[in-house]
Amino acid sequence: MRLSQILISTLRDDPADAEIPSHRLLARGGYIVKIAAGVYTFAPLMWRVVKKFAQIVREELDREGANEVMLPIVQPKELWVSSGRWDRYVNDGIMFTLKDRKGSDMCLGPTHEEVMTAYVNAQVNSYKQMPVNCYQIQDKFRDEIRPRFGLMRGREFIMMDAYSFDADVPGLDVAYQKMRAAYCRIFERCGLAYTVVQADSGAIGGAGSEEFMVIADSGEDSILFCRESGYAANVEKATSKLPDAPPGGEPKPMEKHATPDVKTVAQLEAFFPGWQAGRMAKTVLYHVTWKDKQKIVAVMMRGDLEINEVKLVNSVDALAVRLATDEEIKAATGADTGFAGPVGLPETVPLMADESLRDRTNLLVGCNQTGYHCLNVNLGRDCRMPSFKELRTARKGEGCPVSGKPLEQARGIEVGHIFKLGTKYSKAMGATFMDQGGKPTPFVMGCYGIGVSRTPAAAVEQSFDDTGLVWPGAIAPFECVVAMLDPARDEQKALAGKLYDELKAAGVDVCLDDRAMSPGAKFKDNELLGFPVQVFVGRKAAEGQVEFLVRKGMQKSECAGGDVKAKVLAALGR
Ligand code: ATP
Ligand code: MG
């Protein structure tokens, strides 16, 4: 391939909206071109990268016996109603919906559990036909609240999504482990530093799930992990040993105190000496949305700990939660923000509490009266007994739930996610097969996703420098470039052409840079584009000498044309 024939347009400047290296460099290298927020054109070099990654994904999934299919993007509402997910996805605003000319509601697939379940249900009638695992690599559509970071969080993006169908739970466990192993091989082949973490199952639902995280400072996810036990979890899901708090002692009579303008935990600590945050229970009011109703709910948390909204949504099986507004708090409790509490809370407001408050005595709490707080409050005695749930956000430094050693924290980019769905969708949609006894039985399902456009961007986050991209060999647009510094000179053209042919014959994915540009610009452009190995044929071509560059670490050397092939293969690890 000649670069002069490939549409490449590198930019001089970073795009104004690029906040992270992969976005900045992919845009500057002309790899991606934005057409709307979160919607990009993949330029020829980017498409080569995506195709290479997709090929690795295909090879590893095919090795596990998965079948590649292509499902429709445009889907009817009825399908989503049959699984019970239409409302949640529409309510979240994540789904692109449209009407056809007859006025029927349709959507653009944000994920394909429904379509795949309907498809397999129509094809598979007997346990004898299983296990079945089908996948596709296709555009997904999600109207993300904050599309950003280029390919990381797009509104149209490429995903590999796979779905396994088994006759029973042990079958699902086997399918899940096979996919887990395939995922590990995929990310290893790309040379990525990744970790597998316990994850929240989110709107997809199901029994257990793990995420594959590429460790990078720009990652949107926060991971807690323990080197000793190997425990690792997304902070949305993570637990820890409960940090100690001062004991409350024997129950004492409740006291009400005027606390004008004292609203926050920190202000209360200053106002009541000796009452540390761990002896308080803060009460946070949430606006909770379910499919058929909305309510203000009071959530109590030990004063030194934080509420985890993902756990809250799951524990009340809601569509969404958000903090109540000042007006909503006043209407629900009668008091201004900062004074909510379990004491005197109207019966209409459900009261929940984190497990950290179970059996705690003599708490400092709000009492729903502006300007007042209560001391020595005992739950169940001075107020209703709340319903206890695990609602706490685990934090770094707290004890690992397995080893007790302090948890460490890192940021990660979610590149893959595997779920044990069980019978959630098959039951809802009435998707069954005949079991050995001839009885209709719901399929036991798993689902598995990989960000096919996000992963190459994540790879860039782990591999770049001041001057540009540094592609890992496995997904580089070309493994090697042979560049003539002056394509008008015959001896350069001849030597470069010879080296190109030799490398191609040796199985190297090589391109020939025959573009007309100054030598300085050509060096810079190739540095930015980030081909792993770069060979420059310049003035010394007449003597058969070339410049050799290993992009990672910018290791430059001079070498004889005859040595190029061996050096390229060595640099590529062959
Ligand atoms: P996130 O938490 O990042 O929003 P998700 O959990 O909603 O992702 P899944 O439904 O698990 O995503 O999708 C499978 C994979 O698709 C993810 O692991 C991720 O790699 C990729 N992905 C999800 N959303 C996007 C997006 N908006 N842009 C690019 N890739 C995405
Ligand atoms: Mg996910």
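Exposed, for this talk, means over 50% relative accessible area, and buried means under 20%, with partly exposed in between. Asp317 is a good case: at 63% relative accessibility, Asp317 counts as exposed. One caution before going on. This is a predicted model.

Let me stay with Asp317. The residue sits in the loop between α8, residues 309–315, and β16, residues 320–323. Its phi is near 55 degrees, which is a positive value in a residue other than glycine.

Asp261 can go next to it. Phi of Asp261 is near 60 degrees, again positive and again not a glycine. Asp261 is in the loop between β13, residues 255–258, and α7, residues 265–271. Buried or exposed, what is Asp261? Exposed, with a relative accessible area of 64%.

Now the overall picture. The protein has 574 residues, and 53% of them count as buried. The secondary structure comes to 14 helices and 31 strands. The C-alpha trace spans about 95 × 65 × 50 Å along its principal axes. Take the contacts in the protein with a separation of 6 or more: residues 24 or more positions apart account for 70% of them.

On to the surface. The accessible surface is about 24900 Å². Carbon and sulfur atoms hold 52% of that. For charge, count 72 positive and 75 negative side chains. The centres of the two sets lie 1 Å apart.

Next, the metal. Which residues coordinate the magnesium ion, ligand 2? Glu414 does, through OE, and His417 does, through ND1. The distances are 2.1 to 2.3 Å. How covered are these two? Glu414 is partly exposed, with a relative accessible area of 21%. His417, at 11%, counts as buried. Keep in mind that water is not among the atoms, so sites may look incomplete.

Cysteines now. How many disulfides does a search of the whole structure find? Zero. The cut-off is a pair of cysteine sulfur atoms within 2.5 Å. Start with Cys184. The closest cysteine sulfur is in Cys190, and it is 12 Å away, so that is too far for a bond. Cys184 counts as buried, at 17% relative accessibility. Then Cys447. Its closest cysteine sulfur belongs to Cys134, 14 Å off, so that pair is too far for a bond as well. Cys447 is buried too, at 3% relative accessibility.

Cys190 comes up again at Ala474. Ala474 is in the loop between β26, residues 468–469, and β27, residues 480–484. At 32% relative accessibility, Ala474 counts as partly exposed. What does Ala474 touch, leaving aside neighbours within four places in sequence? Lys52, Ile56, Arg189 and Cys190. Look at the Lys52 pair. Ala474 and Lys52 are 422 residues apart in sequence. In space they are 7.4 Å apart, C-alpha to C-alpha.

Now β7, and the approach to it. Met130 and Pro131 are joined by a cis peptide bond, with omega about 5 degrees. Pro131 is in the loop between α5, residues 113–123, and β7. The strand β7 covers residues 132–141, and Asn133 lies in it. Asn133 is buried, with a relative accessible area of 12%. Leaving aside neighbours within four places, Asn133 contacts Gly65, Ala66 and Asn67. Its other contacts are Ala162, Tyr163, Ser164 and Met179.

Last stop, helix α13, residues 519–529. Which residues of α13 are buried? Lys522, Asp525, Asn526, Glu527, Leu528 and Leu529. What do they pack against? Two helices are in the list: α1, residues 21–28, and α2, residues 44–63. The strands are β26, β27, β28 at 510–513, and β29 at 533–537. Just after the helix comes Gly530, with a positive phi of about 80 degrees.

To recap three points. The search finds zero disulfides. Magnesium is held in the model by Glu414 and His417 as coordinating residues. And the two aspartates with positive phi are both in loops: Asp261 between β13 and α7, Asp317 between α8 and β16.

Methods
Residues numbered from 1 in each chain as written. Chains lettered and ligands numbered in written order. Heavy atoms only, no water. Helix = DSSP H or I, 4+ residues; strand = E, 2+ residues; numbered from the N terminus. Buried < 20%, exposed > 50% of the residue type's maximum accessible area, 1.4 Å probe, protein only. Contact = heavy atoms within 4.5 Å. Areas by Shrake-Rupley, 256 points an atom, 1.4 Å probe, with all protein chains shown as cover. Lys, Arg positive; Asp, Glu negative; His and termini not counted. Charge placed at Lys NZ, Arg CZ, Asp CG, Glu CD. Donors = N, O, S within 2.8 Å, 3.2 Å for Na, K, Ca; no water.
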